[in-house]
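The following exercises concern a two-chain assembly and are to be worked with the sequence and coordinates at hand. Each task is followed by a solution in steps.

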Amino acid sequence: MAEARPILIDADAMLGRHPRRDVGGGTVDELLAALDRVGIAEAVVGNMTAWLHDPHRGNAQLLDLVKDQPRLHPCWVMLPDSCGELGADFAEEAVAKGVRAVRAFPRDHGYHLAGADAAVVLHALARVRLPLLVDAPQVDWPTMETIARAHPALRIVVGAAGYRMLRQIAGAMERNVNVHLGTADLSSHCGLEWLVARFGAGRIVFGTGQPYRDPAEAVTRLLWSELGDADVATIGRGIV
Amino acid sequence: MNDLARAVWERRSQQATRIVDAHAHAGPYSVFFIPEPDPGPMIRVMDRCGVSHAVFSSHLAIQLDAAAGNAATAAIVAEAPDRFTGYITVNPWQDPLAELGKWGDDPRFGGIKLHPDLHEYPLNGSRYAPVWELAELTGCPVLTHTFAGSPYNDMPMLDEVAERHPGATILAGHSGVTPLGIDQAIEVAERRPGVILEVCGSHNSGADIARMVRRVGADRVVYGSDFPFIDLRMSLGRVLFADLTDNERAAVLGGTISGLLEWR
């Protein structure tokens, strides 16, 4: 069917151990082996430490972990700057250090993504053109729409959408062209094809959710989809 | 990369292995929107991937009305008997004896489906007694929903039922779902030879499936997808890329469930 294999770049990967599942050691070598096992070329990676322990330390560690890894691109975790944890120049510093995307965990980190404190950071991310990755369980869809409207230049990628959310997703994507969907656990039956038919392949971003999720899910779902090769290639390029 | 994973990467339907989906449904489901939930598109997706056959219960049967839903299941099988086999759904609140009596001898059905969570009735409850009696008498496999921590189909309940009915073949649907549930399901299967681990669910992985096979054998592990509740390719991908031998993968993907369906 395909003349040339698509290049898959995973926008949704993590390094580090997980406290509630055996995902191995979460090392760079393990992640590279996992990419090779399913044929993924590159990955934009976050750090479990930045998510589940200390964003400041985790972001700094991440740069060291991926500095000699041409296949791995860093993704930082944001916080509102109300307590001065990550610095007022977070977005500019991220760009300067080669960060490709920023993740937000408002539920786990105890802030309101549509609040005034986070707005300053989101505005800065839009200015420097860094995409924002947010998993669906971290924020409700009305909040997602609020920040999409408030920051129309901010590219928002919602991951971990599961299979129960199309009624909410469809309206939010219809009204907000800067809202995109990641493929990690995007698992509605025929949902990928349905979404691409409505919104185009450019609104879908390849991601796996590894190591918590098995990357074979997203690879198989995309490559064995009923989409044409051009759409698969568009989605597979991810956010890099 | 094995032949099936290579087929994924070449974007062609696999033909190397007879794949039988042991856990499927059909039709709409009110809780969320499913694009194309009907049997025609289901067959189209099966053909896209190279899935030969699916064993299913209609969403109507598990969600609302077992009698109407079992009739819908039978009608779907009648339209495509080479692609589908039905599960008789038993809702403990909707006359189990009548459903088993009506459909038990019908060759369109190959097993029985229980969904204790949806029906808010415990797996070890007495209303399921006719199911276990039939299963032990005939060898008809029983697929039950399981979910770790549920008040209706937790792993200790599966363990209790399997101990009480050692002659029954019980497919543990989703194998407990969560990482903890998967661990517990494997332990139950090690203790109870009648328990078969079915692998669909939102938290399973190829590593867990390989661990299941190492612990209980490929003849005790079956591929299921839950489609069209969840897309068929999510669970299938985990099996295709898992660290299994070709023979183990073939057993999980279809060999094991095909053997279990030959009870009549």
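**Exercise 1.** Determine which residues A:Arg167 is in contact with, leaving aside its neighbours within four places in sequence.

*Solution.* Step 1: two residues are in contact if their C-beta atoms, placed from the backbone, lie within 7 Å. Step 2: with neighbours within four places in sequence left aside, the contacts of A:Arg167 are B:Phe32 and B:Phe33. Step 3: A:Arg167 is found in helix α8 (residues 166-175) of chain A; helices (H or I, at least four residues) and strands (E, at least two) are DSSP runs numbered from the N terminus. Step 4: for the environment, a residue is buried if 20 or more other C-beta atoms lie within 10 Å of its own, exposed if 12 or fewer, and partly exposed in between, with C-beta atoms placed from the backbone. A:Arg167 has 11 other C-beta atoms within 10 Å and is therefore exposed.

Two conventions apply throughout. Residues are numbered from 1 along each chain as its sequence is written, while chains are lettered from A and ligands numbered from 1 in the order in which they are written. The model is predicted: local features need pLDDT of at least 70 and side-chain atom pairs count only at pLDDT 80 or more, whereas totals for chains, interfaces and linings use all residues.

**Exercise 2.** Describe the side of chain B that touches chain A: which elements contribute, and how do its residues divide?

*Solution.* Step 1: the contact takes 31 residues from chain B and 29 residues from chain A. Step 2: on the side of chain B, the elements that give two or more residues are α1 (3-9), α2 (39-49) and α11 (232-240). Step 3: α11(B) supplies the largest share of this side, 6 residues. Step 4: the residues of this side divide into 19 nonpolar, 4 polar and 8 charged. Here Ala, Val, Leu, Ile, Met, Phe, Trp, Tyr, Cys and Pro count as nonpolar, Asp, Glu, Lys and Arg as charged, and the others, Gly among them, as polar.

**Exercise 3.** Is B:Leu232 buried or exposed, and which residues is B:Leu232 in contact with?

*Solution.* Step 1: B:Leu232 is found in helix α11 of chain B. Step 2: because 30 other C-beta atoms lie within 10 Å, B:Leu232 is buried. Step 3: neighbours within four places in sequence aside, B:Leu232 is in contact with B:Asp21, B:Val45, B:Cys49, B:Val51, B:Ser225 and B:Phe227. Step 4: B:Val199, 33 residues from B:Leu232 in sequence, is 12 Å away in space, C-alpha to C-alpha.

**Exercise 4.** Establish the strand order in the sheet of chain A and the strands that stand at its edges.

*Solution.* Step 1: two strands pair if DSSP finds at least two bridges between them. Step 2: in chain A, 8 strands form an open sheet with parallel pairing, in the order β1-β2-β3-β4-β5-β6-β7-β8. Step 3: β1 (9-15) and β8 (204-205) of chain A each have a single partner strand and stand at the edges, so one side of each is left without a neighbour in the sheet. Step 4: β7 (residues 179-182) of chain A pairs with β8(A) in the parallel sense over 2 bridges, and A:Leu181 stands opposite A:Ile204 in β8(A). Step 5: β3 (residues 72-77) of chain A runs parallel to β4(A), joined to it by 3 bridges; A:Trp76 stands opposite A:Val102.

Step 6: in a regular strand the side chains alternate between the two faces of the sheet. In β4 (residues 101-104) of chain A, A:Ala101 and A:Arg103 point one way and A:Val102 and A:Ala104 the other way, and all are buried.

**Exercise 5.** How many helices and strands does each chain have, and what is the radius of gyration of each chain?

*Solution.* Step 1: chain B has 12 helices and 8 strands. Its radius of gyration, taken over C-alpha atoms, is 17 Å, close to the 18 Å of the globule rule (2.2 Å times the number of residues to the power 0.38) for 264 residues, so chain B is as compact as a globular protein of that length. Step 2: chain A has 11 helices and 8 strands. The radius of gyration of chain A is 17 Å, close to the 18 Å that the rule gives for 240 residues, so chain A is likewise as compact as a globular protein of its length. Step 3: buried residues make up 59% of chain B and 55% of chain A.
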